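Reader: I am new to this structure and would like to understand the words used to describe it. Could you take me through them step by step?

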Amino acid sequence: MFRLENAQSLVGIALTLLVCWLVSEDRKRFPWRLALGALAVQVGLILLLFGLPAARGVVKAISDAVDGLGAATAHGTQFVFGYLGGGPQPYPVENPAAQFVFAFQVLPLILVISALSALLWHWGILKWIIRGFGFLFSKTMGMGGASATATAANIFVGMVETPIIIRAYLDKLTRSELFMMMVVGLATVAGSTMVAYATVLKSVLPNAAAHVLVASVVSAPAGVLLARLIVPEKSGEGGVSVDYTSLLKYDSAIDAISKGVSDGLMVVLNISAILIVFVALVAIGNELLSLLPAIGGQPVTIERILGVAFSPLAWSLGVDWSEAGKAGYLLGVKLMLTEFIGFIQLGAIPADQMSERTRMIMTYALCGFANVGSVGITVSGMGVLMPERRGEIIGMVWKALLAGFLATCMTAAVVGAMPRELFGIQ
């Protein structure tokens, strides 16, 4: 049933397109066919996974798989860290909630998923999945082979590994294709972090694992659309084909697992360091802001500032105005800090303090690497692989951040524009 809240989300879709058109390098052209194709892919994928009765079994299987991975990881974590990893407590526990230690019960999932991803790539399974999505994107949005493959790869392996997969074709990418790869990398998340996000949200959002997976998948075509809108492809350019002969490779299954664990460890260390530093910076900022006079009887905090600044955007995605302050704060956290902190904050909001629909919309809005810290990762990672184009990358990276951030917002708006009954929300 179509409601006013669904029409409200259409404002968010129009707003993201308008902002990107305003900063476009060629405002005389608007890619109408690409816009229709991208929206059709987004709606089609969402309907496929949430609308068809047969697909509900897939959604349940995804949730069960995440639970299974979590349980399996817990065995390894408890073997190494004992009671800190959730094992039997050696003493009476007065506060059971304090037993949850993020570093030992969530971050180890990234190690396991990273190793599994590398193994699935070595066996060719992940490679064929990426080819399938690449074929879908090339046929529905008129993309070249290299761009379509990079777009599909970003859904599963992240923005740093994706350029490696098409490394042999990086020097052949046009400016528009290079920008598109940057945007899609910022608009999606890596498979190694999807499970961690789902674990954080599973107690407060039904089918959290399915929503996180779908969020990363359907944000890819949104990233393509907004990237092409800001940096359009010139006539006669693009369309580099891929023969799949020069891809990321491992010598054996053991090599894939060991390198996957090593890569995952770097991700875990990076996330841990970012969380420590940014949470500390927020605390310092709030201490400084406490020196200002109270407004409305409450102290000025970073949370309140971000909430006010991003409330209109949150409302345009389909969030009720009564919850727009909290939702806007989460958007600000995602952009200025990291999406990981945003997901932690979203998971910490009690179920009775945020509606299930708002929580679902925000899951899609947060599910992307588009944050200020990722700007440095993008420049350093891609700059190493393309040193001759480093200046070009630096010149486009801030626009890529804007497009990547708005791509996840557009995806959230598309979800908000669809009837809540589709997702089992009353």
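Reader: Thanks! To start, why is glutamate 5 called buried?

Author: Happy to help, and please keep in mind that this is a predicted model. Glutamate 5 has a relative accessible area of 17%. Buried means under 20%, so glutamate 5 counts as buried.

Reader: What makes arginine 420 and glutamate 5 a salt bridge?

Author: The closest N and O atoms of arginine 420 and glutamate 5 are 2.9 Å apart. The cut-off is within 4 Å, and the pair therefore qualifies as a salt bridge. Arginine 420 is in the segment after helix H17 (390-416), while glutamate 5 is in helix H1 (residues 4-22), so the pair ties together parts 415 residues apart in sequence.

Reader: Which word fits arginine 420, buried or exposed?

Author: Arginine 420 has 17% relative accessibility. With the limit for buried set at under 20%, arginine 420 counts as buried. Glu5 and Arg420 are also linked with Arg357 in a network of salt bridges.

Reader: How many salt bridges are there in the whole structure?

Author: A search of the whole structure finds six. One of them joins the side chains of glutamate 25 and arginine 175, at 2.6 Å from N to O. That pair links distant parts of the chain, 150 residues apart: glutamate 25 is in the loop between H1 and helix H2 (32-50), and arginine 175 is in helix H8 (residues 175-187).

Reader: Why is glutamate 25 called partly exposed?

Author: Partly exposed covers what lies between the 20% and 50% limits. Glutamate 25 has 40% relative accessibility, so the term fits. Arginine 175, with a relative accessible area of 34%, is partly exposed too.

Reader: How do you know that lysine 259 and aspartate 255 form a salt bridge?

Author: Their closest N and O atoms are 3.4 Å apart, and the cut-off is within 4 Å. Lysine 259 and aspartate 255 are four residues apart in helix H11 (residues 253-289), which means that about one helical turn separates them. An α-helix has 3.6 residues a turn, so residues three or four places apart point the same way. As for cover, lysine 259 is partly exposed at 38%, whereas aspartate 255 is buried at 14%.

Reader: What makes valine 80 exposed?

Author: Valine 80, which is placed in helix H3, has 58% relative accessibility. Exposed means over 50%, so valine 80 counts as exposed. Val80 belongs to a nonpolar patch on the surface with Phe79, Phe81, Tyr83, Leu84 and Tyr91, and together they have about 640 Å² of accessible area.

Reader: Why is helix H14 (residues 339-348) called mostly covered?

Author: Seven of the ten residues of helix H14 are buried. Among them are Phe340, Ile341, Phe343 and Leu346.

Reader: What kinds of residues make up the lining of the second largest pocket?

Author: The lining divides into 18 nonpolar residues, two polar and no charged. It has 20 residues, and Leu120, Phe156, Met194, Val195 and Leu213 lie nearest the centre of the pocket. About 600 Å³ of space lies in this pocket.

Reader: Which helix gives the most to the lining of the second largest pocket?

Author: That is H3, with five residues. Other helices that each supply at least two include helix H5 (107-122) and helix H10 (208-230).

Terms used:
Residues numbered from 1 in each chain as written. Predicted model: local features only at pLDDT ≥ 70, side-chain atom pairs only at ≥ 80, totals over all residues. Heavy atoms only, no water. 1 Å grid on protein atoms, 1.4 Å probe; cavity = no way out; pocket = protein on both sides within 12 Å on 5 of 7 lines; lining within 4 Å. Points joined across faces, edges and corners; volume = space filled by probe spheres on them. Nonpolar A, V, L, I, M, F, W, Y, C, P; charged D, E, K, R; others polar. Buried < 20%, exposed > 50% of the residue type's maximum accessible area, 1.4 Å probe, protein only. Patch = residues over 30% accessible without salt bridge, like charges linked within 9 Å, V, L, I, M, F, W, Y side chains within 5 Å. Areas by Shrake-Rupley, 256 points an atom, 1.4 Å probe, with all protein chains shown as cover.
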